[in-house]
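Here's a quick tour of one protein model, written for someone who'd rather be at the bench. Have the fold open on screen and follow along.

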Amino acid sequence: MILVTGGAGFIGSNFILDWLANSDESVVNLDALTYAGNIGNLSSLAGDSRHIFVHGSINDSALVSSLLERHKPRAVVNFAAESHVDRSIHGPEDFVQTNIVGTFRLLEATLAYVAKQPDRQSFRFLHVSTDEVFGSLNADDPAFDERSQYQPNSPYSASKAASDHMVRAYHHTYGLPVLTTNCSNNYGPYHFPEKLIPLVIHNALKGRPLPLYGDGKQIRDWLYVKDHCRALQRVLEAGIPGQTYNIGGFNERTNLDVVTMVCDVLDELAPKPEGGAYKDQIIFVADRPGHDRRYAINAGRIEAELGWRPAETLESGIRQTVRWYLDNPDWVTAVTSGSYRTWIAKQYA
Ligand code: NAD
Ligand code: DAU
């Protein structure tokens, strides 16, 4: 049994689906179902007794403690977070509450539970974090590795950095067997269309503008979500407690390149009835305040020590992603109704 938090979100739901496709070990999934959480992502598990869904928050210490005592998991995998940089700029409070206070409460409850276990050293607390904690790189800087200095620039990355430090401290001070991963930009099925790639697919098909911030030449490293999930499984299996692991896709591209790739695949798989190219819908809009220019990941440690490499190229991953969105219009309709519209109106006013 493992306890997954935030398992109704983008990466968490992909993780649970992959986990239960490859193992019979049950999952307790604790998710607060914020705007980003969608239990429909896990509808294929309906009636599957290996998936126990609990609607609640990592900030609720009593609930977390009772789940730990009742289900006696051998590991906690913490995905629960506020994850969108632009939302953190409009309203940082939720990021402090969930990412910092929530992770702290989860650590406290876990430590109390683990202290009572006969074999506490075999327990694992896997904290899923981001490359954004390292700040922004110049064009010719080497990629982030596990020794890179923390220099978070947005309220989101600052809150994740704070949570990483708490996780580290619970290992160093109390001996909790923790693992932290710092991953680059994910994309793939169930990605909420506030993030660049699913936003572009959604807007393109609706005939709406494809907004690129600033000059569109910011660089990100892109990783297909299922490759991230396989990396997390590998870290959980064989990672060394107290160690951190950078995870990346070996795919540094400008935002303009990525959006153009998505448009080209759409031209092929869902050509516009009226003719013309989707990339003609690209527009340049006001830049994100404090926008990090470049992220790049050196994933040498996880490759050398745990034998992990991504299976997908950016080309194959984008193709599968576009295909998934074309095949799942009902999912897109469900998540883009209601509060989604309020957010888009506010962000792109
Ligand atoms: P997401 O926003 O899609 O999902 C977050 C999930 O957490 C949602 O289901 C939400 O309901 C849940 N949640 C929020 N607050 C909660 C709380 N207090 N208690 C319980 N559940 C709560 O995020 P994601 O993109 O799937 O990211 C998951 C994790 O991976 C985050 O910690 C994020 O920082 C990290 N990460 C994301 C990326 C990426 O590219 N998306 C890359 C690296 C790391
Ligand atoms: O690097 C890992 C991080 O990747 C994760 O920790 C975050 O949770 C995740 O949201 C993601 O952060 P980004 O800010 O990089 O992702 P986003 O999809 O929001 O933006 C990707 C790039 O595209 C970024 O440079 C901003 C730009 N962008 C984004 C949007 C939504 C645009 O140009 N236009 C847009 O409309």
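## A pocket and its lining

The lining of the second largest pocket breaks down into 18 nonpolar, six polar and seven charged residues. Keep in mind that this is a predicted model. The pocket itself has a volume of about 710 Å³. Of its 31 lining residues, Asn203, Arg208, Tyr340, Ile344 and Tyr348 come closest to the centre.

Which helix gives the largest share of the lining of this pocket? That's helix 12, with six residues. Several elements chip in at least two residues each: helix 3 (85-90), helix 6 (196-206), helix 11 (329-335) and helix 12 (339-347), plus strand 8 (210-213) and strand 12 (282-285).

## The seven-stranded sheet

Next up is an open sheet of seven strands, paired in parallel and ordered 3-2-1-4-5-6-10. Strand 3 (51-55) and strand 10 (244-247) sit at its edges, each pairing on one side only. On average, neighbouring strands here are turned by 20° against each other, ignoring direction.

For a look at one pairing, take strand 1 (residues 2-5) and strand 4 (residues 75-78): they run parallel and are joined by four bridges. Valine 4 has valine 77 of strand 4 as its bridge partner. Elsewhere, helix 5 (residues 155-172) lies across strand 5 (124-130) and strand 6 (178-183), and it runs at about 155° to strand 5.

## The three-stranded sheet

There's also an open sheet of three strands, in the order 7-9-11, and its pairing is mixed. Strand 7 (185-187) and strand 11 (252-254) each have a single partner strand, so one side of each has no neighbour in the sheet. Neighbouring strands in this sheet are turned by 50° against each other on average, again with direction ignored.

Strand 7 pairs with strand 9 (residues 219-224) in the parallel sense, over three bridges. If you want a spot to zoom in on, try asparagine 185, which stands opposite tryptophan 222 in strand 9.

## Cysteine 229

Is cysteine 229 buried or exposed? Its relative accessibility is 0%, and because buried means under 20%, cysteine 229 counts as buried. You'll find this cysteine in helix 7 (residues 225-238).

Leaving out residues up to four places away in sequence, cysteine 229 touches Ile11, Asn14, Phe15 and Asp18. Phenylalanine 15 is 214 residues away from cysteine 229 in sequence, yet their C-alpha atoms are 5.2 Å apart in space.

Definitions and conventions
Residues numbered from 1 in each chain as written. Chains lettered and ligands numbered in written order. Predicted model: local features only at pLDDT ≥ 70, side-chain atom pairs only at ≥ 80, totals over all residues. Heavy atoms only, no water. 1 Å grid on protein atoms, 1.4 Å probe; cavity = no way out; pocket = protein on both sides within 12 Å on 5 of 7 lines; lining within 4 Å. Points joined across faces, edges and corners; volume = space filled by probe spheres on them. Nonpolar A, V, L, I, M, F, W, Y, C, P; charged D, E, K, R; others polar. Pairing = 2+ DSSP bridges. Axes fitted to C-alpha atoms, helices over the stretch in contact; angles between N-to-C directions. Contact = heavy atoms within 4.5 Å. Buried < 20%, exposed > 50% of the residue type's maximum accessible area, 1.4 Å probe, protein only.
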